[in-house]
Amino acid sequence: MDKFIVKGGNTLSGEVEISAAKNAVLPIIAATILCADKCTIINCPMLLDVYVICDVLKILGAKVIIDAKSSTVNIDTSGINGIESGSNLVRKMRGSFLIMGAMISRFGRFKISLPGGCNIGTRPIDLHLKGFKSLGASVKIDHGYVEASSKKLRGERIYLDYPSVGATENIMMASVMAEGETIIENAAEEPEIGDLAKFLNKMGAKVSGIGTDTLKIIGVKELHGANYRPIYDRIEAGTFMIAAGITKSKFKIRGIDNEHIKPIVAKLTEMGIKIDLDKSQLIIDGTGTLKPIDIKTMPYPGFPTDMQAQMMSLLSVVKGTSVVTETIFENRFMHVTELKRMGANIKIDGRSAVIEGINRFTGAEVKATDLRAGAALVIAALGGEGETEIRDIYHIDRGYVEFEKKLRTLGADIRRMEV
Ligand code: EPU
């Protein structure tokens with residue numbers, strides 16, 4: 001297992017290029033199951049989670065060729081026959097549950113182990129299952145497995161009690177070849193949902209209402225292969241933007257969609273960070289004096305939960321009191337203990353964290369408890385005094401393409417070492 005050693009204090013400069021979004025590409029790769037054909041993902045982020053979901057498809061019978069050099073993934077799903085169950089797949093990666101909707105849609109039945117909770121919350125799947133049932137599937141939960149089957153899925157009007165990202169994606173994939181029309185109301189509006197819908201439409205599906213909370217899906221008989229280039233990673237971009245604030249630096253970020261990063265831009269601007277936005281790039285200037293702010297995570301277009309930990313790192317070194325409220329996941333404050341080791345002054349009160357700004361972080365031995373918590377520690381360490389050792393960085397490798405290389409390009413002192 002690797003660790004990062006970060007020496008804080010360097011100012012960052014130059015430019016950094018953002019990769020495609022992990023949370024867009026994972027459901028897109030799952031969606032390739034829907035056709036018995038070839039699909040190509042262009043500019044695919046070469047991440048641990050991408051390798052894992054590709055392994056999952058291979059176990060099901062797909063041929064997957066990953067060309068890391070050109071960041072291209074070729075997937076031929078004609079060999080998937082629906083016989084292999086997903087018994088152990090979810091254990092490899094929670095996101096593997098995203099194959100459920102596509103498997104029921106193409107083969108009429110699928111059995112998979114129930115995904116458990118993780119470091120950020122209990123993460124139930126009741127909304128996914130409610131959607132499958134509404135489409136006419138019978139769903140059985142037995143001995144830790146969930147099995148769904150249906151002779152023919154039928155379009156239906158489905159109201160999600162909560163705009164869950166995963167449930168919206170899974171139900172959308174289950175319904176694209178269902179008979180008739182499906183309406184998903186109170187659907188999640190995250191940009192990654194729209195990207196999946198666009199990929200499905202490229203495969204021949206009929207999804208409309210993209211970018212709204214009501215998706216309309218008219219079932220088609222079959223889907224065909226497609227080539228696709230997923231959207232940029234708004235969370236990776238946001239993480240670098242916050243790094244500029246923590247290190248009091250000014251640099252360029254290339255590869256953004258300025259619509260998708262609006263909620264992040266709004267809060268950073270409120271703090272006093274200057275952002276010069278162009279269509280697909282921006283210049284971030286964190287050299288000024290920053291103000292404390294309050295943040296509440298919300299479904300898109302609210303402030304993203306996936307930026308909460310990084311924001312907490314920044315607010316920890318801003319003079320004054322800030323309050324961060326996490327409303328999406330019930331256990332997403334694991335980074336607080338680690339940030340405190342680096343000198344942060346944070347008190348948790350239920351779903352809120354009250355942060356009293358300190359002058360600067362001090363180097364310490366810390367560990368990444370999940371992906372975004374890990375990124376938060378790295379950027380905290382960059383602005384800190386002395387050396388920080390961050391363990392369990394496999395979490396970071398799940399979702400950030402060459403994080404330390406990109407930071408080094410900007411001038412950071414960060415090394416990867418084998419433990
Ligand atoms: N929820 C339910 N029932 C369900 C589904 C979800 O109660 O059937 C609850 C969850 O327990 C959670 C809330 O709804 O409290 C939000 O969950 P959601 O389903 O929206 O999230 P997800 O699909 O499991 C995706 C991302 C997460 C991101 C969230 C929220 C992927 C692969 N994962 O998870 O990304 O935090 O949406 O935006 O797309 C990350 O990248 O670090 C990450 C955790």
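This tour moves from the ligand and its surroundings to the strands and sheets of the chain, and the model on the screen is a predicted one.

**The ligand and its shell**

Begin by selecting the ligand together with the 20 residues around it, and then pick out D126, S164, D306, I328 and R372, which come nearest of these residues. If you colour the shell by class, you should find nine nonpolar, five polar and six charged residues.

Next, display the helices, and look at α1 (22–31), α5 (126–134), α6 (165–175) and α12 (371–382), each of which supplies at least two residues of the shell around the ligand. Which helix gives the most to this shell? It is α5, with three residues. Now colour the chain by domain, taking domain 1 as 3–19 + 232–417 and domain 2 as 22–228, and you will see that each domain contributes at least three residues to the shell around the ligand.

**Polar atoms beside the ligand**

Stay with the ligand and select I328, where a backbone N or O atom lies 2.5 Å from an oxygen atom of the ligand. Then move to G166, which also places a backbone N or O atom by an oxygen atom of the ligand, here at 2.8 Å. With R332 the side chain is the part to show, since an N or O atom in the side chain of R332 is 3.3 Å from an oxygen atom of the ligand. On its own the ligand has 830 Å² of accessible area, and the protein covers 86% of that area.

**A sheet with β17 and β19 at its edges**

Now hide the ligand and select β17, β18, β20 and β19, which in this order form an open sheet of four strands with mixed pairing. Strands β17 (294–296) and β19 (345–349) stand at the edges and have a single partner strand each, so one side of each is left without a neighbour in the sheet. On average, and with direction ignored, neighbouring strands of this sheet are turned by 15° against each other.

Zoom in on β17 and on β18 (residues 321–325), which pair in the parallel sense over three bridges. Here you can select I295 and find V324 of β18 standing opposite. In general, the strands of a sheet pair through backbone hydrogen bonds, either parallel or antiparallel.

**A sheet with β4 and β13 at its edges**

Continue with another open sheet of four strands, whose order is β4-β5-β3-β13 and whose pairing is again mixed. At its edges stand β4 (63–67) and β13 (227–228), each with a single partner strand, so that one side of each has no neighbour in the sheet.

Strand β3 (residues 38–41) is a useful one to select in this sheet, for β3 pairs with β13 in the parallel sense over two bridges, while four bridges join β3 to β5 (residues 72–76) in an antiparallel run. Select I41 to see both pairings, because I41 stands opposite Y228 in β13 and has V73 as its bridge partner in β5. Beside I41 in the list, T40 can be selected too, with N227 of β13 opposite T40.

**Strands around β16**

End the tour at β16 (residues 281–285), which runs antiparallel to β14 (residues 250–254) and is joined to β14 by five bridges. What is the bridge partner of I253 in β16? Select L282 to see this partner of I253. Four bridges also join β16 to β15 (residues 274–277), and these two strands run antiparallel, with K274 having D285 in β16 as its bridge partner. Finally, follow the chain from β15 to β16, where a hairpin joins the two strands through three residues.

Key: Residues numbered from 1 in each chain as written. Predicted model: local features only at pLDDT ≥ 70, side-chain atom pairs only at ≥ 80, totals over all residues. Heavy atoms only, no water. Near = heavy atom within 4 Å. Polar contact = N/O pair within 3.5 Å; in protein donor to acceptor, adjacent residues only side chain to side chain. Areas by Shrake-Rupley, 256 points an atom, 1.4 Å probe, with all protein chains shown as cover. Nonpolar A, V, L, I, M, F, W, Y, C, P; charged D, E, K, R; others polar. Domains from an automatic or database assignment. Pairing = 2+ DSSP bridges. Axes fitted to C-alpha atoms, helices over the stretch in contact; angles between N-to-C directions.
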